[in-house]
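Here are my notes on the model you sent over, point by point. Have the viewer open while you read, and tell me where you'd argue.

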There are 2 protein chains.
Amino acid sequence: MRRFVLIGQTASASGDFSVEDLPGSSGRLDVLLRCVRAALLVSHGLRRDVQLYLVLRGGVASPVLLRINGQSAKFLRPDERSLATLVKKTLLALPAPGDSFVEVRPGLELRSGDVPEILAEVGDARCFVLHEQGDDVRHEASINDDAWYFIGDHLGFDVVSLALLERHGCRRISVGPLSLHSDDVVSLISNELDRRFSQEKAHPAFS
Amino acid sequence: MRRFVLIGQTASASGDFSVEDLPGSSGRLDVLLRCVRAALLVSHGLRRDVQLYLVLRGGVASPVLLRINGQSAKFLRPDERSLATLVKKTLLALPAPGDSFVEVRPGLELRSGDVPEILAEVGDARCFVLHEQGDDVRHEASINDDAWYFIGDHLGFDVVSLALLERHGCRRISVGPLSLHSDDVVSLISNELDRRFSQEKAHPAFS
């Protein structure tokens, strides 16, 4: 199982935002929604072997974890407005999540929690922090499709989260020479993993 | 100058769509808008050395070419709704574009035209068609940052356009083993070019 964790420093945990003005009303949840598309959707299909965690730290209901399971998710569409509507309905349906995941809609689960709760799930599995000062992912032999990939939002990582992740043993890796949007980072990691591990090879150039 | 051309088989050329329902009302212009972000925006910045052409073939006003110049564009935001509003205003401001580009808003230009008019601009420059049966871009020595990259939408290429492009000499290249969304393809090509040609290297791993 490939797992991405997106940390939304200000992203709304309560669903009280307007889909007409996501950047202005949701604490930049739009940044995270674009990562949902990048992590879970391919052309005319859904990646069943991927889980995406959104860490929502905005508002009084925070921190909340939203987990999206490719295995069981339905009705995921690539456009931002559809994704925003789906996440809004999910958050509004369970305004005070408890300390274990509850499935609110197919494949969409909520719980209270932040990075420490995710690290408890990571356990001994491999984990990586996407970081501009990291080693090039293309030369990183240890990445695999059962690892966890932690990615910051438009504000990057806060120092406390980064320290927690590194203390847990997550290695810094990087995808290229420029600082990119979070969804581009997800696309690039996905591509690197697809190239190494995908069973659905379409062309011998990648076998 | 790095140039991406996105062919929108049904994307609205007239601006008569609703930003409340892009996938349902715009002929899937949303697919192309996500490519605008991927081609032109990086974290907290705009790529000045990129031009993006959208071929809009939907509706009675079509075919129309919308060119976005990174050099002169302003007010580009990453969220789909903002991009849709900007493109809608641009299309509505010039309902019957002529046969040469007219700048309607900063960095956004319109003309009538389709693939042949773009190929006239390509001339002797290198061009590539992103195609699942193409050679792996990572092993393609001839790509460069002054080339043209043609990418299909959710429907892929129509046979006529593909034939025109290949007759012109555009080579097929591919980004990976899976069939991806158009914006992922733009992100992956951009990353490959950044790795080879970017002057703004943030880390010695990529030098």
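**Notes on the dimer model**

1. Let's start with the charges between the chains: ten salt bridges are found across the interface of chain A and chain B. Bear in mind that this is a predicted model, and that every number below is computed from it. One of the pairs to look up is Arg138(B) with Glu192(A), where the side chains meet in a salt bridge at 2.6 Å, N to O.

2. Next, the contact as a whole. Chain A puts 48 residues into it, and chain B puts in 48 residues too. Between them the two chains bury about 4400 Å², and 49% of that area is on carbon and sulfur atoms. For context, the accessible area lost when parts come together is a common way of giving the size of an interface.

3. How are the two copies related? Chain A superposes on chain B after a rotation of 180 degrees, with 0.0 Å of shift along the axis and an RMSD of 0.0 Å. The copies are thus related as by a two-fold rotation axis. The contact fits that picture: 100% of the interface residues of chain A are interface residues in chain B as well, so the copies meet through the same surface.

4. Now for Arg37, which is worth viewing in both chains. Asp184(B) and Arg37(A) meet through their side chains in a salt bridge of 2.9 Å, N to O. Because Asp184(B) belongs to helix 6 (residues 182–197) of chain B and Arg37(A) to helix 2 of chain A, this pair joins two chains. Are these two partners buried or exposed? Asp184(B) has a relative accessible area of 3%, so it is buried. Arg37(A) also comes out at 3% relative accessibility and therefore counts as buried.

5. Look at Arg37(B) as well. Its side chain meets that of Asp183(A) in a salt bridge of 3.0 Å, N to O. Here Asp183(A) sits in helix 6 (residues 182–197) of chain A and Arg37(B) in helix 2 (residues 29–40) of chain B, so this pair joins two chains. Asp183(A) is buried, and Arg37(B) is buried too. While you're on charges, find the network in which salt bridges with shared partners join Arg2(A), Arg47(A), Asp145(A) and Asp194(A).

6. Helix 6 of chain A also holds Asn191(A). With a relative accessibility of 4%, Asn191(A) counts as buried. Which residues does Asn191(A) touch, leaving out those up to four places away in sequence? They are Arg138(B), Val175(B), Gly176(B) and Leu188(B). Arg138(B) should look familiar as the salt-bridge partner of Glu192(A).

7. Over all chains, the salt-bridge count comes to 40. For an example inside chain A, take Glu80(A) and Arg34(A), whose closest N and O atoms are 3.3 Å apart. Glu80(A) is in helix 3 (residues 80–93) of chain A and Arg34(A) in helix 2 (residues 29–40) of chain A, so the salt bridge ties together parts that are 46 residues apart in sequence. Glu80(A) and Arg34(A) are both buried.

8. On to the rings. There are eight aromatic pairs over all chains. In one of them, Tyr53(A) and Trp148(A) have ring centres 5.2 Å apart and planes at 45 degrees, so the pair is tilted. This pair links distant parts of the chain, with Tyr53(A) in strand 4 (residues 50–58) of chain A and Trp148(A) in strand 9 (residues 148–152) of chain A, 95 residues apart. Both Tyr53(A) and Trp148(A) are buried.

9. Phe128(B) and Tyr149(B) give a stacked pair, because their ring centres are 5.4 Å apart and their planes stand at 15 degrees. Phe128(B) lies in strand 8 (residues 127–136) of chain B and Tyr149(B) in strand 9 (residues 148–152) of chain B, 21 residues apart, so to speak a link between distant parts of the chain. Both of these residues, Phe128(B) and Tyr149(B), are buried. Over in chain A, Phe4(A), Phe128(A) and Tyr149(A) form one aromatic cluster.

10. Last, two charges over rings in chain B. Arg67(B) lies over the face of Phe101(B), 4.0 Å from the ring centre. Lys88(B) lies over the face of Phe17(B), at 5.2 Å from the ring centre.

Conventions: Residues are numbered from 1 along each chain as its sequence is written. Chains are lettered from A and ligands numbered from 1 in the order in which they are written. This is a predicted model: local features need pLDDT of at least 70, side-chain atom pairs count only at pLDDT 80 or more; totals for chains, interfaces and linings use all residues. Side-chain values use heavy atoms; hydrogens and water are left out. Copies are superposed by least squares on the C-alpha atoms of residues with pLDDT of at least 70 in both. Contact means heavy atoms within 4.5 Å. Rings of Phe, Tyr and Trp (its six-membered ring) pair if their centres lie within 6.5 Å; planes under 30 degrees apart count as stacked, over 60 as edge-to-face and the rest as tilted. Helices (H or I, at least four residues) and strands (E, at least two) are DSSP runs, numbered from the N terminus. Buried means under 20% relative accessible area, exposed over 50%, partly exposed in between (1.4 Å probe, protein chains only). A charge sits over a ring if NZ of Lys or CZ of Arg is within 6 Å of the ring centre and within 35 degrees of the ring normal. Buried area is the accessible area (1.4 Å probe) that two parts lose on being put together, summed over both. A salt bridge is a side-chain nitrogen of Lys or Arg within 4 Å of a carboxyl oxygen of Asp or Glu.
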